[in-house]
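Walk me through this structure, starting from a single side chain and working outward to the whole fold. Keep it brisk.

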Amino acid sequence: MKICVIGTGYVGLVGSAVFADWGNQVIGVDNNPDKIKMIESGNMPIFEPGLKELVAKNINNGNLKFTNSLPEGISEAEIIFICVGTPMSDGGSADLKYIYQVAEEIALNMESPKIISIKSTVPVGTNRKVREFIKSKTSIEFASVSVPEFLREGSSIEDMNKTDRTVIGSNDSEALEKVSQLFNHLNSPIVKCDLESAELIKYASNSFLATKISFINEIAQICDLSGADVTKVAYGMGLDSRIGPKFLNASIGYGGSCFPKDVLALYKASEDFGYHFNILESVMKTNKNQKYYFLNKIKSIYGNSLEGKKVAALGLAFKNDTDDIRESVAIEVIKLLKELGAEVNVFDPEAMPNSQKVLGDENINYLNSKEEVFNDSDFLVILTEWKEFKDISNEYLLKLRDRNIFDGRNLLESSKIKELGINYYSIGRK
Ligand code: UGA
């Protein structure tokens, strides 16, 4: 199938490479010429496991190419996927200006009938409004389809190849079938529905997952108060197939470019419909407070000043296997530690260049390995769930002058740490 993917962010770049790898003829479009040059020369604008190799493979076999020109990108395409960003606007709702910019360009340059499909996360009703907008600018026939994306950063290629489900919304049955053909080989359920249901499935899914995290973070606080162990509680809950084991890891809170934005956007959209979404209000409040809950564990030992203290910090990315620091709670915690007067030694396997731009260099030392952060430091904080942080040799842990570890991701084994004579504070575990 001939496909055009507009936008080369996480969804667009991964999507174009994976669609090409499935044997389609794909052309990726981005209006940033530097980004296109970078991708064509084999350098990815984002860190994503396996992406560089997949893009190179499909450029070489002729299935994938890129361009700055939207008219060129759409001219041959049967299906156009719009994958541009929908950032948070000042008021908290989704900012759709890039969607409309692209929609206008498509309308003005379309020369034959197309299937126009939005993959970006957009509020309920957007696909229909964009359809009316395009219709007002062209007389050429087109179908509108909503195909929300469910990939996670850090495992996006695998997520696309082994998706739990594909959601395709359209009021045009022919277009719905045509887009389904792209995904039929995955052998996972395809939910065929109307535009609005498809849009809402995406927001409801992200909001529900965020709710699971805030829920377990509150349970973790009850564990701290009662002496229960949140990892055992989550395990016991997760064995119930109605609940499921995933997204029950207590933490310093969820971050990233999706959950904070999408939960707020659904909350705001509900308000616009005249409905007050109580649960989501609590989910956001709990998430906002969770980093202070973690910080208070540190304050309960050190008081309100960390003047003269050097903190070893592991993690900057909003989660493991990514260099993305958007809405990263790790970054927020480091800012708070600095505000209390601490100097911070920090390491993250991928997110240091992005973090340095935001955190600067004052009172913060970016080090080359997880081991180096222990040099001359007083206590440890673990802020991102990179697997490699689970495995730190005792030799380094014993370098901590104050013998205190604050684990914001419950990565370490508490009994082992205690055997070393080190105090261990985590989220919801004794
Ligand atoms: C999320 C969804 O999981 C994807 O399905 C969706 O496609 C994507 O948003 C999107 O809308 O584009 P992502 O933001 O890449 O994916 O990251 P997640 O793996 O969902 O993690 C989000 C945050 O929750 C991270 O900060 C992570 O550390 C935190 N988290 C996750 C927890 O604190 N506990 C958990 O048990 C799981």
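In this predicted model, the side chain of Lys370 has a polar atom 2.9 Å from the backbone oxygen of Glu388. A polar atom of that side chain also lies 2.7 Å from the backbone oxygen of Asp391. Lys370 sits in a loop, the one that runs between β11 (364-366) and β12 (379-382). Loop or not, Lys370 is buried, because its relative accessible area is 12% and the cut-off for buried is under 20%. Beyond its sequence neighbours within four places, Lys370 touches Leu314, Phe347, Glu388, Phe389, Asp391 and Ile392. Glu388 and Asp391 thus appear both in this contact list and as backbone partners of the lysine side chain. The C-alpha atom of Lys370 is 8.8 Å from that of Ala313, a residue 57 positions away along the chain.

Stay in that loop for a moment. Asp376 also belongs to the loop between β11 and β12. Its backbone stands out: phi of Asp376 is positive, about 60 degrees, although the residue is not a glycine. Asp376 is partly exposed, because its relative accessible area is 46% and partly exposed covers the range between 20% and 50%. So the loop holds a buried lysine and a partly exposed aspartate.

Now step to the other side of β11. Asn363 lies in the loop between α14 (352-359) and β11. Asn363 is another residue other than glycine with a positive phi, here near 60 degrees. With a relative accessibility of 40%, Asn363 counts as partly exposed.

Next, the ligand. Which residues come closest to the ligand? They are Leu151, Glu153, Lys202, Ser251 and Glu385, out of 21 residues that surround the ligand. Backbone atoms take part in the polar contacts. A backbone N or O atom of Phe150 is 2.8 Å from a ligand oxygen. For Asn249, a backbone N or O atom is 2.9 Å from an oxygen atom of the ligand. Arg409 uses its side chain instead: an N or O atom there lies 2.8 Å from a ligand oxygen. On its own the ligand has 710 Å² of accessible area, and the protein covers 93% of that.

What is the shell made of? Its residues divide into 9 nonpolar, 4 polar and 8 charged. Two helices, α9 (195-226) and α11 (259-272), each supply at least two of the shell residues. Of the elements, α9 gives the most, with 3 residues.

One of the closest residues to the ligand, Leu151, leads on to a serine. Ser156 is in contact with Leu151, and also with Val14 and Glu48, once neighbours within four places in sequence are left aside. Ser156 is in helix α7, which spans residues 156-161. Is Ser156 buried or exposed? Ser156 is buried, because its relative accessible area is 0%. Not every distant pair in the chain comes together: the C-alpha atoms of Ser156 and Lys291, 135 residues apart in sequence, are separated by 27 Å.

A second residue with no relative accessibility lies in another helix. Asn58 is in helix α3, residues 51-60. At 0% relative accessibility, Asn58 counts as buried. Apart from neighbours within four places, Asn58 is in contact with Ala17, Ala20, Asp21, Asn63 and Leu64.

Finally, pull back to the whole chain. The protein has 16 helices and 14 strands. Of its 430 residues, 54% are buried. The C-alpha trace spans about 70 × 50 × 40 Å along its principal axes. Why does the radius of gyration fit a compact globule? For 430 residues such a globule would have a value near 22 Å, and the protein has 23 Å, which agrees. Contacts between parts far apart in sequence are frequent: among contacts with a separation of 6 or more, 71% join residues 24 or more positions apart. The accessible surface of the protein comes to about 19200 Å², and carbon and sulfur atoms account for 50% of it.

Note on methods:
Residues are numbered from 1 along each chain as its sequence is written. This is a predicted model: local features need pLDDT of at least 70, side-chain atom pairs count only at pLDDT 80 or more; totals for chains, interfaces and linings use all residues. Side-chain values use heavy atoms; hydrogens and water are left out. A residue is near a molecule or strand if one of its heavy atoms lies within 4 Å of it. A polar contact is a pair of N or O atoms within 3.5 Å; within protein, one must be able to donate a hydrogen and the other to accept it, and residues adjacent in sequence count only if both atoms are side-chain atoms. Accessible areas come from the Shrake-Rupley method with a 1.4 Å probe; for residues, only the protein chains shown count as cover. Helices (H or I, at least four residues) and strands (E, at least two) are DSSP runs, numbered from the N terminus. Ala, Val, Leu, Ile, Met, Phe, Trp, Tyr, Cys and Pro count as nonpolar, Asp, Glu, Lys and Arg as charged, and the others, Gly among them, as polar. The radius of gyration is taken over C-alpha atoms; the globule rule is 2.2 Å times the number of residues to the power 0.38. Buried means under 20% relative accessible area, exposed over 50%, partly exposed in between (1.4 Å probe, protein chains only). Contact means heavy atoms within 4.5 Å.
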